[in-house]
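Let's take a walk through this fold together, going from a sheet to a helix and on to a few aromatic rings. Please keep the structure open beside you as you read.

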Amino acid sequence: MSKNTKGNKIGLFIGIIIAVLAVAGVIGIIYINKNKPKEEPTKEVKILNSIDEYGITLSDMDSSLYKEEYEVLKKNLLSDRINYKEYAESISKLFIIDLYTLSTKLNKFDVGGSEVVYPPILENYKVNVEDTLYKYLEDNSKGNRKQQLPKVKSIKVVSTKEEKYKITSEDKTYDGYKIVLKWDYEKDLGYDTEATLNIIKVDNKLYVVEKN
């Protein structure tokens, strides 16, 4: 057998092996892709309405209770003359409903009540909630969370009192309100059911500045 013939046979043999491996690889990729579990799309929060001047929004994730109080607030804020006592009570309710309805949150960083918190303390507020109340909240960006979580069912204002509030770091005192609230859940899972909020007025807007 000549060297050329022998070389051709070896080359042909190697070519066949490469072709077989290539086909096997393609089949393998097709099989893997066919049997690979489909990734669930990431949930997107849609804003349904907003009170732009006040930075308060309504999304498709918000509970029906939140939506009811949002409409009360919107009607007041868009009226010819704002009732500030009712404004304070509305944002207090929205704050509590949003903060304690963990079932509507995508993850621990989706901190409820943020829209009505006094901006200079907002970041500290978020970090505190992430490290405490929301610490063990499982991610629900794929919409497949099984964790049992609280949902505020009803809420009421127990008392509202006009009261000045001093922010020491600013060395400034603001007009505002102290509001006591009580609420209950669709299912009692051991979460808070009452709180006292301090609300301050900055220009024409009200903000939650402290919760006890």
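Strands S6 (residues 176-185) and S7 (residues 194-202) run antiparallel and are joined by seven bridges; strands here are DSSP E runs of at least two residues, helices are H or I runs of at least four, and both are numbered from the N terminus. Two strands are taken to pair when DSSP finds at least two bridges between them. If you look for Ile179, you will find its bridge partner, Leu197, in S7. This is a predicted model, in which local features need pLDDT of at least 70 and side-chain atom pairs 80 or more, while totals for chains, interfaces and linings use all residues. Residues are numbered from 1 along each chain as its sequence is written, and side-chain values use heavy atoms, leaving out hydrogens and water.

On to the next strand: S7 is joined to S8 by six bridges, again antiparallel. Here Lys201 stands opposite Leu206 in S8. The S7 and S8 hairpin has two residues between its strands, and Asp203 takes a positive phi near 60 degrees there.

Now step back to the whole sheet. It is open, with four antiparallel strands in the order S3-S6-S7-S8. S3 (152-162) and S8 (205-211) stand at the edges with a single partner strand each, so one side of each has no neighbour in the sheet. On average, neighbouring strands are turned by 30 degrees against each other, direction ignored.

What lies across S3, S6, S7 and S8? Helix H3 does, running at about 40 degrees to S6; axes are lines fitted to C-alpha atoms, for helices over the stretch in contact, with angles from 0 to 180 degrees between N-to-C directions, and contact means heavy atoms within 4.5 Å. H3 covers residues 84-100, and 14 of its 17 residues are buried, meaning under 20% relative accessible area with a 1.4 Å probe, protein chains only. At the N-terminal end of H3, Asn83 acts as a cap, with a side-chain oxygen 3.2 Å from the backbone nitrogen of Lys85.

Finally, look at the rings, which pair if their centres lie within 6.5 Å (planes under 30 degrees apart are stacked, over 60 edge-to-face, the rest tilted). There are seven aromatic pairs by this rule. Tyr54 and Tyr87 meet edge-to-face, 5.9 Å centre to centre with 90 degrees between the planes. Tyr54 sits in the loop between S1 (47-51) and S2 (56-59), 33 residues from Tyr87 in H3. Tyr84 and Tyr87 form a tilted pair, at 5.7 Å and 45 degrees. Ring pairs thus link Tyr54, Tyr84 and Tyr87 into a cluster.

Notes. Expected span 1.5 Å × (residues − 1). Buried < 20%, exposed > 50% of the residue type's maximum accessible area, 1.4 Å probe, protein only. Polar contact = N/O pair within 3.5 Å; in protein donor to acceptor, adjacent residues only side chain to side chain. Phe/Tyr/Trp six-rings, centres within 6.5 Å; stacked < 30°, edge-to-face > 60°.
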